[in-house]
Number of protein chains: 2
Amino acid sequence: MPGATPKRKGARIENELASRLWRLGYAVVRGPASGSGARRRFQPDLVAMAGGKVIVIEVKASAGKRPVYIESSRALALTEFARRAGAYLALIAVRIKGYGWRLHTIDSLEPTRGGNFKIADPLKGLRLRDLDNIVRGTKKITDYM
Amino acid sequence: MPGATPKRKGARIENELASRLWRLGYAVVRGPASGSGARRRFQPDLVAMAGGKVIVIEVKASAGKRPVYIESSRALALTEFARRAGAYLALIAVRIKGYGWRLHTIDSLEPTRGGNFKIADPLKGLRLRDLDNIVRGTKKITDYM
């Protein structure tokens, strides 16, 4: 989509992931991009729920195999939100051009020298069907490690 | 707030409830008022989560003791969303002028002759502290019936 602003592109890929998860049977809420109250109360990009399990998700786009960076404040807010919710998983979902979605748990992030976090190899993450197998109890997350 | 449009008033009271629940320790997501994808995938006004329990919430304003009406399509969509999520509770939260918040479970709605639903007496609902007692396991919902 030439000319798309980063904000619009973000909204578009968030919406794409929300629709994929919805079609898999999840209840999905996409938070507002900005607006009253959203800044004081952190909201993740997406929350997906199934069978009483809550998955909080931050969405990132990547052009390929380059590392993806996550600000420490954002990673900490996501962790705190997941703690409040009693979430089952907190994930960074990376949309990789030419490869599709790869999901990384918040625990798997690597610290950077500057005090932030990164996903060194975005391609290594779980796929959506792996997530679904884990959430539905067909597979354990350790089966993918 | 004289001159506030219904939409703005809706956003303001949703935000008020989201803040109250946030201060009680809940993770809260407020869906976008409208926008891409939100119409195809139903989103409740609020989703609150604590200890792995999901509470889906529709927000309504009421001037007093008059009945509050809920469209059948909206009630059914809320029920379907709660089913997908494996939600613990699906609620209609009514902000009653001069009284504060009262919460009504979706099961307690009464059918109208026109095929929609109503809350005949909005004041009869649970208070926020009742909800919190139920969610934290201090009380059972049947204690309030």
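In this predicted model, ring pairs join A:Trp22, B:Phe42 and B:Phe81 into a cluster. Aromatic pairs number four over all chains.

One of these pairs brings together A:Trp22 and B:Phe81, whose ring centres are 6.3 Å apart; the planes meet at 35°, so the arrangement is tilted rather than stacked, a class reserved for planes under 30 degrees apart. This pair crosses between chains: A:Trp22 belongs to helix α1 (residues 6-23) of chain A, whereas B:Phe81 belongs to helix α2 (residues 72-85) of chain B. Both A:Trp22 and B:Phe81 are buried.

The cluster continues within chain B through the rings of B:Phe42 and B:Phe81. Their centres lie 6.1 Å apart with the planes at 70°, and the pair is therefore edge-to-face, since the angle is over 60 degrees. Distant parts of the chain are linked by this contact: B:Phe42 is located in the loop between β1 (27-30) and β2 (46-50) of chain B, while B:Phe81 lies in helix α2 of chain B, 39 residues apart. B:Phe42 is buried, as is B:Phe81.

Aromatic rings also take part in contacts with charged side chains. The charged end of A:Arg84 is placed over the ring of B:Trp22, at a distance of 3.9 Å from the ring centre. In chain B, the face of B:Tyr88 is covered by B:Lys53, which lies 4.7 Å from the centre of the ring.

Methods:
Residues numbered from 1 in each chain as written. Chains lettered and ligands numbered in written order. Predicted model: local features only at pLDDT ≥ 70, side-chain atom pairs only at ≥ 80, totals over all residues. Heavy atoms only, no water. Phe/Tyr/Trp six-rings, centres within 6.5 Å; stacked < 30°, edge-to-face > 60°. Helix = DSSP H or I, 4+ residues; strand = E, 2+ residues; numbered from the N terminus. Buried < 20%, exposed > 50% of the residue type's maximum accessible area, 1.4 Å probe, protein only. Lys NZ or Arg CZ within 6 Å of the ring centre and 35° of its normal.
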